[in-house]
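Reader: I should like to learn how to read burial and contacts in a structural model. May we work through an example together?

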Amino acid sequence: MYRKAFRKFLPLFDRVLVERCAAETVTKGGIMLPEKSQGKVLQATVVAVGSGSKGKSGEIQPVSVKVGEKILLPEYGGTKVVLEDKEYYLFRDGDILGKYVD
């Protein structure tokens, strides 16, 4: 699914392209949340990854996440990229805080 959409865009080096998850609009108790009170979404899905960065010895160190994994992002940072009328964010591999494991 993701590979078809991103044939025209591939992140370079240790960059990771992510799609943020949708914000919660209803609480667990069923209360509707207005837009102003919805927090910034820190969870995202990896859409595309670069080849990795060069280490001191010249070897390429691969990116630590794979396409399709759910990750935790920092509250601030990332570069907004609009592709095919959808918003994505570009982060460095080192900026990603963690990944969710099943």
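Author: The discussion below turns from the nonpolar cores to the surface. The model is predicted: local features need pLDDT of at least 70, side-chain atom pairs count only at pLDDT 80 or more, and totals for chains, interfaces and linings use all residues. Residues are numbered from 1 along each chain as its sequence is written, and side-chain values use heavy atoms, with hydrogens and water left out.

Reader: Which residues make up the largest nonpolar core?

Author: In soluble globular proteins, nonpolar side chains tend to be buried together. A nonpolar core is a set of buried Ala, Val, Leu, Ile, Met, Phe, Trp, Tyr and Cys residues joined through side-chain atoms within 4.5 Å; buried means under 20% relative accessible area, exposed over 50%, and partly exposed in between (1.4 Å probe, protein chains only). Here the largest core has 11 residues, including Val 16, Val 18, Ala 44, Ile 71 and Phe 91. Two or more of its residues come from each of β1, β2 and β7 (86–92); strands are DSSP runs of E, at least two residues, numbered from the N terminus. Another core, of 7 residues, lies apart from it and includes Leu 17 and Val 81.

Reader: Where does Gly 78 lie, and which residues does Gly 78 touch?

Author: Contact means heavy atoms within 4.5 Å. Gly 78 lies in the loop between β5 (70–72) and β6 (79–83). Leaving out residues up to four places away in sequence, Gly 78 touches Leu 90 and Phe 91.

Reader: Is Gly 78 buried or exposed?

Author: Gly 78 is partly exposed, because its relative accessible area is 42%.

Technical notes: Helix = DSSP H or I, 4+ residues; strand = E, 2+ residues; numbered from the N terminus.
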